[in-house]
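Student: Could you take me through one part of this structure slowly? I would like a close look at the disulfides and what surrounds them.

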Amino acid sequence: DVCTLGHWCAFGAASPRSCPAGTFGNRTRLQAPAECEQCPRGHFCPEGTHTATVQPCPSGRWGASSGAVDYLCDGSCSAGHYCPAASTNSTAMPCLEGTFNPLGGGTGPEACLAAEVGYFAPRAASQQIACTPPLTTLERGAGRVEDCLCSVGSFSLSANASNTTTCMDCEVDRLNCTEPGITVVSLHLKP
């Protein structure tokens, strides 16, 4: 009578006993629970598991410790990140520049949201950051403060439109400020 996978059999026992939760038994004829091996990081092993990698920590969760006993593993993925199945840390995959994830437990890149117009989000952001008024961004998905430009109706006194803090209102009727990002260099008079 051979002791089956995922179990151990004490000498002379009438029936096999399951390897404890957090361990697995991938060999036959184990004679004690101590012979069951620790479940690997990024996985969990319910009682009686016979293969180390049969149960990965689910997407949105992570397992840095060996010996996890259930699908909760070590916890939810951190905000600003997402965790594919079998992740071993809470920051497995960062949200890309221009996106952010305000919630924990992200399961894939779709958990990362594009920064709105007027905001930017650096890599691994848990929230979008507002451009300082009157600055704005040209479109959704800005990733750097340098993407903040003077808004429509104003122009930059700098020759460089990015990351300026001095925007002037186009109060004069003759100035053409109908687009964001206008600089003193690109400023045109209305015909």
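Tutor: Happy to! Keep in mind that this is a predicted model. The structure holds 7 disulfides, and we can look at three of them one by one.

Let's begin with C39 and C45. Their sulfur atoms sit 2.2 Å apart, and the two residues form a disulfide. Look along the S-S bond of C39 and C45: the torsion there is about 80°, so this disulfide is right-handed. Is C39 buried or exposed? C39 has a relative accessible area of 0%, so C39 is buried. Its partner C45 counts as buried too, because its relative accessibility is 1%, and the cut-off for buried is under 20%.

Now move on to C57 and C73, another disulfide, with sulfur atoms 2.1 Å apart. The S-S torsion of C57 and C73 is about -105°, so this disulfide is left-handed. Where do the two cysteines lie along the chain? C57 is in the loop between strand 4 (37-38) and strand 5 (61-62), while C73 is in the loop between strand 5 and strand 6 (75-76). The pair therefore ties together parts that are 16 residues apart in sequence. C57 is buried, at 0% relative accessible area. C73 has a relative accessibility of 15%, so C73 counts as buried as well.

The third pair to find is C131 and C148, a disulfide whose sulfur atoms are 2.0 Å apart. With a torsion of about -75° around the S-S bond of C131 and C148, this disulfide is left-handed. The pair links distant parts of the chain, 17 residues apart: C131 is in the loop between strand 12 (129-130) and strand 13 (135-136), and C148 is in the loop between strand 13 and strand 14 (149-150). C131 counts as buried at 6% relative accessibility, and C148 counts as buried at 1%.

That third pair also brings us to the core. Which residues make up the largest nonpolar core? There are 7 residues in all: F120, C131, L135, A142, C148, C150 and C167. So you can spot both C131 and C148 among the members of this nonpolar core.

Finally, zoom in on C167, another member of that core. Leaving aside residues up to four places away in sequence, C167 touches P134, L135, C150, S154 and F155. Two of these names, L135 and C150, appear in the core list as well.

How values were computed
Residues are numbered from 1 along each chain as its sequence is written. This is a predicted model: local features need pLDDT of at least 70, side-chain atom pairs count only at pLDDT 80 or more; totals for chains, interfaces and linings use all residues. Side-chain values use heavy atoms; hydrogens and water are left out. A nonpolar core is a set of buried Ala, Val, Leu, Ile, Met, Phe, Trp, Tyr and Cys residues joined through side-chain atoms within 4.5 Å. Buried means under 20% relative accessible area, exposed over 50%, partly exposed in between (1.4 Å probe, protein chains only). Contact means heavy atoms within 4.5 Å. A disulfide is a pair of cysteine sulfur atoms within 2.5 Å. Helices (H or I, at least four residues) and strands (E, at least two) are DSSP runs, numbered from the N terminus.
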